[in-house]
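Visitor: Could you take me through one part of this structure up close? I would like some background on the whole chain as well.

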Amino acid sequence: MKKCGVLLALMLFVCSAMFAQSKKVLTPNQWDEWKRISGAEIANNGNWVIYGIEPYRGDSKLVVYNTETKKETTFDRGSKHKVGFNSNMLVFKIKPQYDSVRIKKLKKVSKKDMPKDTLAIYLLAKDSLITRTKVKSFAIGEKGGNWVAYQLEELIKEAKDTLNTEIADSVKKKEPKKKKEKIKDKEAPKAFPLYITNPLTGEEFVFEKVTEYNWSEDGNTLAFVEQQNDTILKSTLKQFDTKTAAIKVVKEAQGVIKKVTLDKTGLQLAFIFSADTIKEKVYSLWFANSKGANKIAEVGNKLFPTDWTVSENGRIYFSEKGTRLFYGIAKKPITEPEDTLLDSEKVGLDLWSWTDKRIQPEQLADLEDDLNKTYLTYYDTKKGSTIVLETEDVPYVYLNQKGDGEHATARDNSKYQRSLSWDIQGKRDIYLVKMKTGEKTLVKEKTANSVRLSPKGQYLYWYSVDDSCYYSKNIKSGKEINMTKNIGVNLYDDEYDYPSLPDNYGIAGWTNNDKSLLIYDKYDIWKLDPTGKQKPLNITKGEGRKNNIVYRHQELDHEKDFIDINDKFYLSAFNKQNKQSGYYLGDINGKNSPKELVMEDYSYYTVSKAKNSDNLMWRKMSFTQYPDLWFGDMSLKGEKISDVNPQQKEYNWGTSELYKWTTFDGEEAEGLLIKPENFDPNKKYPVIVYFYRLSSDELHDYSSPKPSRSIINKSFYASNGYIVFVPNIRFKTGHPGHSSYNYIVSGAMSLKNLPYVDYKHMGLQGQSWGGYQVTYLITKTNLFAAAEAGAPVTNMTSAYGGIRWQSGMSRMFQYEQTQSRIGGTLWEKLPNYLENSAVFSAPQIETPLLIMSNDNDGAVPWYQGIELFMAMRRLDKPCWLMNYNGEPHNLKANSPNSRDLSVRMMQFFDHYLKGKPAPVWMIKGIPAVEKGKSFGFEFMEE
C-alpha cells in the first residue's frame with residue numbers, strides 16, 4: 001500500500017470523474033477556483049462600488065467599479081478597505097502573495113522576517129495610487145476629513161531624513177537634566193512610526209514612536225500617544241489639527257497613556273494614565289478640553305466601592321452630544337505574590353457545588369469575561385459630576401439615545417441564574433434608571449420579557465411571551481397599555497415546535513418622536529399607538545397574508561434609530577408559497593397597498609443606498625446564479641456589475657425545485673429536490689437525503705463548491721450525478737425521532753415512485769441535530785444504503801446530564817425546552833429519552849454508518865458518537881468514526897481537515913450508492929502508527 005495524503009485523494013477523485021457529457025464535473029480541484037464577494041460598499045456619492053473577491057485559498061483582489069463610466073479597476077491582493085467619507089479616496093492594505101508566505105512558513109521563517117502588508121491609498125477621481133510598505137495599521141475619519149493616519153513597522157529612510165523638525169521643536173519642553181535610571185517598563189505598549197498624510201495635497205507629518213492613535217468622527221482631529229522607553233518611560237499625548245496642521249500637547253508624563261478617545265467633534269478627549277512600571281497597573285481617568293487636562297477618576301473616589309478605580313478593560317466613549325463620558329470601573333488590580341511552590345506541589349481542583357448560581361464549567365468558560373468585567377459609570381462633562389450606573393447588585397445597564405437619554409434600563413438575573421441550566425427563557429428583574437442620579441426603580445420582577453426604551457425615551461415597551469401581546473408604559477404617567485389586545489392575528493411564531501413559549505415575529509422599529517411602534521405578524525406589518533387611543537393598523541392592508549407574502553421593513557439609512565415617516569417606506573418581500581423574493585414600496589400610513597418594485601425567482605438581500613445620491617446596490621442569487629452585485633436606481637432597476645465566477649458555465653451544475661408529498665400522518669409536506677444540470681429522466685440516479693429542520697425557503701440559495709465543514713455540498717453532489725432531497729421536518733414534543741421518521745422516510749418513500757430515482761441506492765446525511773436524526777432513522781428502517789452522521793447525539797439519557805463545553809452550560813435545557821424536544825426531565829419522561837436514543841436500538845441497524853465526532857466539540861460531547869460506534873462494532877456492523885483532532889462542532893472553514901472530510905464522505909457514498917470500489921481506509925482503517933503518513937484514500941489492487 002502506498003502512502004498518500006489529501007493531494008493524492010484529489011487526484012484520484014479527478015481521475016475517477018467521467019467526462020461523457022458536454023460540461024465538466026466538479027472535482028476538488030475546483031474548490032480553489034470558486035471565489036466570493038466580501039466587504040461590498042457603495043461610496044457616499046454613489047459613483048463608486050468597492051468590493052473584494054476572495055478565493056477559498058489563494059490571493060484575493062479588490063475591485064473598484066465606476067458607476068458612471070462602468071470602468072473597473074482591480075488591485076491584486078487588496079483587502080481591509082475603507083472608503084473616504086467624501087468619496088474621494090480608497091484606503092486599503094495589499095497582502096503579501098499567498099504562495100510566498102506559504103513557502104516562508106514551510107521554512108519556519110520568524111514572524112519578524114515574514115512578508116508584510118503594504119498600504120495603498122487610491123485617489124478615486126485622479127485614478128492615482130500611493131503605496132507604503134510594511135504597514136501595521138491605518139485609520140481615516142468615519143464621517144469626514146481627507147487625511148489618513150497610518151503606522152509602519154519601521155521608519156522609512158526618507159522619513160528619517162525629513163522628520164518635521166519644526167513640529168518636533170514646537171512641542172519640546174526644557175526639563176532639568178536628571179540622572180538616568182534603568183527602570184524601562186517591559187509592559188509598556190510597543191511604539192511604531194506614525195504618518196499623518198493628506199494624499200490630496202501631499203502634506204505629511206511623521207512621528208517616530210507612537211503607541212496608539214485615534215481620529216475624531218469628523219476626521220479633523222487626530223489624537224496620538226508618543227512614547228520614550230529607553231530608560232525612563234515617558235508618554236506624550238498630542239492632538240493634530242488637520243485644518244491648521246497645529247500640534248497641541250495634551251499631557252506629558254512619566255508613565256503609560258492609553259485608550260485615547262475623542263468626542264465626535266474632536267474638541268473633547270479622554271484617556272487613562274498610570275505611572276506604574278509593573279504589569280498590574282492602576283489607572284486614573286483623565287478628561288481634556290480647551291481648558292486643559294484633568295484627572296476625573298482614580299482609586300479612592302468616594303462614589304466608588306473601596307479600592308475600585310477606572311479599568312483598562314472597560315470601553316471609554318462619549319455620548320453623541322459629548323455631554324457624558326462613559327467608562328468602566330472595577331477592583332484595582334493586585335500584584336500576585338511571588339510563587340513559592342513547584343507545580344508538583346500545587347492543588348488542582350474545580351469544586352462543583354449544588355449552590356452555585358452557575359455550574360463550574362460555565363464559570364470556567366466565562367472566566368476571562370468575569371475577570372475583565374467592568375461596571376458602567378459616566379462623567380458629566382458640563383457639570384463635572386460622576387454617576388455610577390452599574391453595580392454588583394444590578395450589573396447590566398442599557399443606554400438610550402446614544403448615551404444622551406434621560407433614562408436607561410437595567411437588568412439583573414442573579415436571583416434566577418441557577419435555573420438557567422434548564423429554563424433557557426430565564427427570568428430577570430428590570431429597572432428604569434434615571435441617568436442624572438443613577439437611581440433605579442423596579443418595573444418588572446421575575447419576568448421573561450425583554451423591556452426596552454423607545455428611541456426618544458418616552459415609553460418602556462415589551463412583548464409578553466405569556467399572552468403574546470405588546471405593551472407600552474408611559475414613563476411620566478406610569479400608565480401601562482396593552483397595544484395589541486383583540487388584534488385578531490397571531491403575533492407569536494405559529495410554526496414554533498419547541499416545548500417552550502414561542503417568541504414574536506419581530507419589531508420593525510419606532511417612527512419619529514415615538515409616535516408609533518411598527519411590529520410584524522407572520523406576513524404583515526402593524527402600526528401600534530403607544531397611548532392606546534388608536535386601534536392597531538395593518539399598514540400592509542393584509543396583502544401579505546392574502547398573497548402568502550412576508551413583508552418586512554427594509555432600512556436604507558442605518559444611522560437613524562427610528563423609521564422616518566418622511567422617507568420612502570421600502571419593504572423586503574418573500575413569497576412563502578413559490579419562494580420568490582424582492583422589494584415593494586409601502587405606505588407607512590396604511591392608506592395604500594404595497595407596490596411591487598421587483599419580485600422574481602431569486603433570493604434578494606443586502607440592499608444598500610448611497611448616502612448622498614439615489615443609487616442602490618444589492619445582491620441576488622439563485623441555485624444556479626452566484627450572488628453577484630447589482631447597481632441601479634431607487635426602483636431597483638439596474639444591471640449586474642460583477643461576475644465573480646464566470647467559470648461556472650464550464651461545469652455541470654444542478655437545478656433546484658420544490659417537491660411536495662404527504663407524510664405518514666397525512667400532513668402536507670414540502671422540501672427541495674436538486675437534480676444534476678444534465679439530468680436525463682430516462683436514467684436512474686442515486687439519492688442523498690440531507691436535512692435539519694425547515695429548508696424549503698432556501699430554494700434559491702446558491703451553494704458554492706467548497707470543502708465541507710460538516711454537511712454535503714449540494715451543487716457538488718448534483719454535479720457528480722446525485723439527486724439531493726432536502727425535506728422539511730416538523731416536530732412533536734416528546735417524539736422528535738418519530739417526527740423525523742414521519743417526514744423523512746415518507747418523503748424518501750414517495751421518491752420511489754419517480755422513474756429516475758434509484759431507490760435502492762439512497763443515503764442519509766446530517767450534522768448535529770441532523771446527525772441525531774440520521775442515527776435514529778437507521779434504527780427504524782433499512783431503506784437507506786448508507787448514512788453519514790456528524791456530531792450526533794445517540795444516547796439522550798447520557799447527553800441530558802452532559803455539558804456544552806464551549807459555553808460550559810448544562811445540556812438539560814435542550815431536552816426540556818428547546819431543540820431535542822422531549823419536554824421534561826430524564827426522570828419525568830424516561831421512556832421518551834429511551835425511545836429517542838439510537839444506541840438502545842443498535843441491534844436493528846443494518847445501514848453502514850460513517851460518524852464524525854470531534855474531540856473539541858463544544859456543543860455535542862464527542863463520546864456520543866463513540867457510544868454508537870462501540871455498540872455497532874460490538875454487534876459487528878460496518879461503522880467508522882472520524883475524530884478530527886482539536887476541531888470544534890463544525891470543522892474550520894477550508895482547512896485540510898474539511899478537505900479530508902469532503903473526500904472521505906464522497907468516497908463513502910460513492911461506494912455504497914454508486915458501486916465504486918472502497919478505498920483502503922474503509923477496508924483496513926488507518927493504524928495509529930500510520931497517522932499522518934497514510935491516509936488510505938487509494939484503492940486496493942486486485
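Visitor: What radius of gyration does the protein chain have, and what would a compact globule with 942 residues have? After that, please look closely at the sheet that holds strand S30.

Guide: Happy to. This is a predicted model, in which local features need pLDDT of at least 70, side-chain atom pairs count only at pLDDT 80 or more, and totals for chains, interfaces and linings use all residues. Residues are numbered from 1 along each chain as its sequence is written, and side-chain values use heavy atoms, leaving out hydrogens and water.

The protein chain has a radius of gyration of 31 Å, which agrees with the value near 30 Å for a compact globule of 942 residues (taken over C-alpha atoms; the rule is 2.2 Å times the number of residues to the power 0.38). Its C-alpha atoms fill a box of roughly 90 × 75 × 70 Å along the principal axes. Of the 942 residues, 53% count as buried, meaning under 20% relative accessible area with a 1.4 Å probe, protein chains only.

The chain holds 16 helices and 54 strands (DSSP runs: H or I of at least four residues, E of at least two, numbered from the N terminus). Now to your sheet: 4 strands form an open, antiparallel sheet in the order S29-S30-S31-S32, where pairing takes at least two DSSP bridges between two strands. S29 (452–453) and S32 (480–482) stand at the edges with a single partner strand each, so one side of each has no neighbour in the sheet. S30 (residues 459–464) and S31 (residues 469–474) pair over 6 bridges in the antiparallel sense. Here tyrosine 463 stands opposite tyrosine 470 in S31.

Terms used:
Buried < 20%, exposed > 50% of the residue type's maximum accessible area, 1.4 Å probe, protein only.
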